[in-house]
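Student: Please take one part of this model and look at it closely. Then show how it fits with the rest of the chain.

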Amino acid sequence: MIGVICTGFAYILFFRLIAQLGPAKAISVTYLIPAFGILWGALLLGETISLMMLLGSGIILLGVALTTGVLRRK
């Protein structure tokens, strides 16, 4: 029941995000899942974070920033 409620709530938020920002910017949120997976794994499960994980997360964040227009190429 918790999974159904949480998933339903997440879909409502996602569709509101699509309505407000448009589909191209809203889909970029899904690219953040690996970075947050690393964060929650380290905080809640005590997993170690390697340099390659941080590098990969940085590349993902850079890509999302370029896609959403937070950073602009000159």
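Tutor: Start with Ser-28, since this is a predicted model with a clear loop position to examine. Ser-28 has a relative accessible area of 2%, so it counts as buried. The cut-off for that label is 20%. Where does Ser-28 sit? It belongs to the loop between helix H2, residues 23–27, and helix H3. What does Ser-28 touch, once neighbours within four places in sequence are set aside? Its contacts are Val-64, Thr-67 and Thr-68. Thr-68 is the residue that closes helix H4, which runs over residues 51–68.

Now follow H4 itself. Ser-57 is in this helix. Ser-57 is buried too, because its relative accessible area is 11%, under the 20% cut-off. Beyond its neighbours within four places, Ser-57 is in contact with Ala-35 and Ile-38. Helix H3 covers residues 33–45. Gly-58 is another H4 residue. Its relative accessible area is 36%, so Gly-58 is partly exposed. Ala-35 comes up again here. The C-alpha atoms of Gly-58 and Ala-35 are 8.5 Å apart, although 23 residues separate them in sequence.

Further along H4 comes Leu-66. Leu-66 is partly exposed, because its relative accessibility is 39%. Leaving out neighbours within four places, its contacts are Leu-71 and Arg-73. Set Leu-66 against Thr-48. They lie 18 residues apart along the chain, and their C-alpha atoms are separated by 28 Å.

Turn next to H3, where Trp-40 is found. Is Trp-40 buried or partly exposed? At 47% relative accessibility, it counts as partly exposed, because the value falls between the cut-offs of 20% and 50%. Trp-40 also belongs to a nonpolar surface patch of about 680 Å². The other members are Phe-36, Leu-39, Leu-43, Leu-44 and Leu-45. One general point helps in reading such a list. An α-helix has 3.6 residues a turn, so residues three or four places apart point the same way.

Now go back to the start of the chain. Helix H1 takes in residues 2–21, 20 residues in total. From first C-alpha to last, H1 reaches 28 Å. That is close to the 28 Å expected at 1.5 Å a residue. Gly-22 follows H1, with a positive phi near 100 degrees. Helix H2 then covers 23–27, ahead of the loop that holds Ser-28.

Finally, step back to the whole chain. How many helices and strands are there? The protein has four helices and zero strands. In sequence order the pattern reads α-α-α-α. The radius of gyration is 15 Å, well over the 11 Å that the globule rule gives for 74 residues, so the protein is more spread out than a compact globule. Its C-alpha atoms fill a box of roughly 50 × 35 × 10 Å along the principal axes. Of the 74 residues, 14% count as buried. Ser-28 is one of the buried residues, and Ser-57 is another. The accessible surface comes to about 6,100 Å². Carbon and sulfur atoms account for 75% of that surface.

Methods. Residues numbered from 1 in each chain as written. Predicted model: local features only at pLDDT ≥ 70, side-chain atom pairs only at ≥ 80, totals over all residues. Heavy atoms only, no water. Helix = DSSP H or I, 4+ residues; strand = E, 2+ residues; numbered from the N terminus. Buried < 20%, exposed > 50% of the residue type's maximum accessible area, 1.4 Å probe, protein only. Contact = heavy atoms within 4.5 Å. Expected span 1.5 Å × (residues − 1). Rg over C-alpha atoms; globule rule 2.2 N^0.38 Å. Areas by Shrake-Rupley, 256 points an atom, 1.4 Å probe, with all protein chains shown as cover. Patch = residues over 30% accessible without salt bridge, like charges linked within 9 Å, V, L, I, M, F, W, Y side chains within 5 Å. Salt bridge = Lys/Arg side-chain N within 4 Å of Asp/Glu carboxyl O.
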